[in-house]
Every structure is written in C-alpha cells, then in structure tokens.
Amino acid sequence: MVSANTLCKKLLNVKTAVVESADFYSDQDGVNHIRIHARPNIWHENDCPICHKRCKCYDTKNPQPRSWRALDWGATLVEVVYDTHRIDCPEHGVLVADVPWAYPSSGFTKDFDLTVGWLAVYLPRSVVSEYMRIDWETVGRCVHRTLNDIEPERSRRLDNLVNIGIDETSYKKGHKYITVIVNHDTNAVVWAAQGHGKTVLESFYKQLSKEQLSSIKVVTGDGARWITDCVREFTPVCERCVDQFHVVQWAMEALDEVRREVWNEAYADVKQLKKEHPRGKGRPKEDDPSTAIIRAAKEKAEEIKNSAYALGKAPEHLTEKQQLRVQMIAENNNRLYRAYRMKEMLRLLLKIKDVDEAEATLKRWLWWASHSRIPAFKELYEKIKRHKQHILNAIRLGMSNARIEATNNKIKLIIRKAYGFRNIQNMLDMVYLVCSDLRVPLPNRKPKTA
Ligand SMILES: [Zn+2]
C-alpha cells in the first residue's frame, strides 16, 4: 500500500509539490471535503508566477492563507490549502509567489481549470457550471486561464495572413455585434472584437505591422461599405471579394419579403371573403358552399405562411411534403414562384467555377431581376450590380464559402450554448478557443496527435 502522502501527491498531479497533511470535514450542507495541506518544494517556493524564475523572498511575516479547488476525488470535494507569501522578482516586482498546482490568481488547480475549459467547448455552460460545482461566471474565468495557458501569444495568429474573411455576428437578439477576422487558409479566427463598423475594423488594421499588412492579398466579407473603405485605405493592392454565403443570404431575405407580402395578401383575401359571406349563428354548415370557399382560401394562406423553410432550402434537399409546397406555389402564385426561381438561379450561378460563364449567367440574372417588377428583387438587383466585381472576384479566386459559413455557425452555437453572454470577454475567449485548431489538453492523458 502506498503512503497517504504519495497517494495525495499523485492525485493532485503536481511533481514539485510536497503534501504535508490531509483531513476530512463536512460542510453545513453535508457535503464531504478533503483538505490537503500542501506547499511547493524548497526549490520552487520562491518562484515568480510570471517568469517562473527563482527569486528573493519578500516577506514571510504576513502569510496569506489561501485555498484552491482541485478536481473531485470520486464524489468528494478536494481543496488544497497553503499560506502564500510574496517574492521580489527583479523583472516583475513584488508578487505573490507561484504555486505549482495553479495559474496565477486562480482559485482552482490547473487540472481543474483545464477540465472546465475542455468541457465548455462541448457542453452548455449551465451544465458545466452544475457538474463542476462552480458558478456561471467562474466557467468563463476558467476558460480564460485555459486559453492563456495553451496559447500565450495569440498575436502570432496575425502573422503571415494571406486570405482573410471579415464577418459580423449578432447576439442578444440581434441588438449587439461582434466582428471576427478569419484566416481562410487555416480556418481560425485570428481576431475578434465587440461591435461592428468602420472604427472596429480600423482597430484591427491599425495593430498590424507593415509586413503583416503587406502579406494580405484577399479580403472577403459581406457588402458593407466600411469593409471596402478599410481595404482601400490599409491594403490598397488587395483583392476585395464578397462571400457567396452573404449573397445567398441577401437573396433569401428578398425572397422572404416577397413571401410575407404574398401571405398578407392571401390573408386579406380571407378577411374579405368572410365579410362577403357572413356566418350565421351556430356551427358553420358543412354543405354551405361559402364555408368551403373560405376554408380553401385559409389553407392557401397557411401554406404560404409555412413555406419559408421549403423555399429557403436547396431543391435537392427538399422532403416530399416541402416539394408539394413548392409545387403548390408554382401553380398558384406566380410572383412568389418567380422570386424563388431567381433566388435559386443566383445560388447556383455562384457555384460556377468558370468566371466567364459565371459572368454571363450573372448578366442574365441581373436582366431578369431588373425586369421582375418585384420591388424586393429590384433592390437586390441594385445591390448585386454594385458588388458585381467583388462577387466575380470571389469566383475567380475560388474563395471557399463553406468555411466562413462554418465559422459563422460555430459562433452562433457558442452563443446558444451560453444562453447569451453577460461578459463580452467570455464570449471572445470561447470564439478564440473553438474557432481555431487549439485543443484543450485533458490532464494526465496522452496528447492526441493531429
Ligand atoms: Zn518574474
């Protein structure tokens, strides 16, 4: 049987610590705790928490008793206690001495912080909070320390950028925004900040060195003018592209506007019919022809109301029921069906690899949209005409659309899993952690390759 001391040390997973004693107690809720009295070994008791160099002890007269939560052992809550003191680092000044089991100013052990960081990548924050017995905000702080540990120099992500994408994502029900810059070649978010618009994007460009700016060759994004302005100002030789993903989104929005209009008209028809055929007292009579007419009109309106999903989807992915819906619209509603076909044509032409062919098709599309007599698509026509060159640039350079869409979806998922963020830094940390090739290492595991 190994000694209790060795057992505690092994379970704490820290080589340079010495365990002095351990005891059990139950708190007022009846939860069992094990309290480990530990200290760094004599070679590490005066280490600087920043540079980890051995320093001079500053004061031992005012010991500061502190405790750190460690990972549970079985179901027992574990805490490490130790009286900390201050050291005097020639480089970093007077600081609380480092302890080998925790990150500076953390109330948890490193293993604990990393485990929370790992869980937060995959699970909703509320689940992590309950399982680890920490509050919601603490999850964010653990993630922050995890991120700083596995990537101390995030600014390196800004080196050697060639193809970048600028994207904005809304949160808090569309009231707030974050701007993210994605490296298209590594698929990692290289920079993220709160807000959107020219000033935010300028602050991204302003932190780049001349070398970093000159390596950028392609910038993609939506059609926002401030993106074009910044590209012109900071990287004038750069190719500006509009992501196909955003172009399809514009078309979807225009299509939805038409659908809502058509639905409103159908609904107005139902109202009018009801006025023309006032219902008598009692239940509607089944054999009354006006009941059938009103019911048919109602069904038609309902079909249009519920068709948003079917119209937005690519035809090859439609279910049988959705196919019928589109079919019904084709037969009964010429205007909505035309809008649908224009959306589809635009979506398909963006997939064409040959830029000349794409240009010719886009020309045909523009003619069609400008003659469509549908206001939403006339507006879309103006927008696409304005960005024609940027759209064709994206096709010519073969900018992958799937990646920016994937990052966008990942960010939406992060926000959903956290049920809206109260602290913006927590959200940015999660974006950096999840939208990159970083992997949080779980303690005492063989590191995964690839
Ligand atoms: Zn130092």
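This is a guided tour of a predicted model, taken in the order of what to select next.

Residues are numbered from 1 along each chain as its sequence is written. Because the model is predicted, local features need pLDDT of at least 70 and side-chain atom pairs count only at pLDDT 80 or more, while totals for chains, interfaces and linings use all residues.

**The domains**

Begin by selecting residues 4-107, which are domain 1, and then residues 244-396, which are domain 2. These bounds come from an automatic or database domain assignment. The centres of the two domains, taken over C-alpha atoms, are separated by 65 Å.

**Strands β1, β2 and β4**

Select strand β1 (residues 17-26) together with strand β2 (residues 32-40); the two pair in the antiparallel sense over 9 bridges. Strands (E, at least two residues) and helices (H or I, at least four residues) are DSSP runs, numbered from the N terminus, and two strands pair if DSSP finds at least two bridges between them. Val-18 has Arg-39 in β2 as its bridge partner. The hairpin of β1 and β2 has 5 residues between the strands, and Gly-30 in the turn shows a positive phi of about 80 degrees.

Now add strand β4 (residues 76-89), which runs parallel to β2 and is joined to β2 by 5 bridges. Here Arg-35 has Glu-79 in β4 as its bridge partner.

**The sheet of five strands**

Turn next to an open sheet of 5 strands, with the order β8-β7-β6-β9-β10 and mixed pairing. Strands β8 (188-194) and β10 stand at the edges with a single partner strand each, so one side of each has no neighbour in the sheet. From one strand to the next, the twist averages 20 degrees.

At the β8 edge, select strand β7 (residues 176-183), which is antiparallel to β8 and joined to β8 by 6 bridges. Ile-181 stands opposite Trp-191 in β8, and Thr-179 has Ala-193 in β8 as its bridge partner. Between β7 and β8 the hairpin has 4 residues, and Asn-187 takes a positive phi near 65 degrees. Helix α17 (residues 424-434) packs on the sheet and touches β7 and β8, its direction making about 170 degrees with that of β8. Contact requires that the C-beta atoms of two residues, placed from the backbone, lie within 7 Å. Angles run from 0 to 180 degrees between N-to-C directions, and axes are lines fitted to C-alpha atoms, for helices over the stretch in contact.

At the β10 edge, strand β9 (residues 218-221) and strand β10 (residues 239-242) run parallel and are joined by 4 bridges. Val-218 has Glu-239 in β10 as its bridge partner.

**Helices α13 and α14**

Finish with helix α13 (residues 355-370) and helix α14 (residues 375-386), which pack at an angle of about 145 degrees with their axes 8 Å apart. Which residues of α13 meet α14? They are Leu-366, Ala-369 and Ser-370, and among the residues they meet in α14 are Phe-377, Leu-380 and Tyr-381. The residues of this contact divide into 6 nonpolar, 1 polar and 2 charged. In this division Ala, Val, Leu, Ile, Met, Phe, Trp, Tyr, Cys and Pro count as nonpolar, Asp, Glu, Lys and Arg as charged, and the others, Gly among them, as polar.
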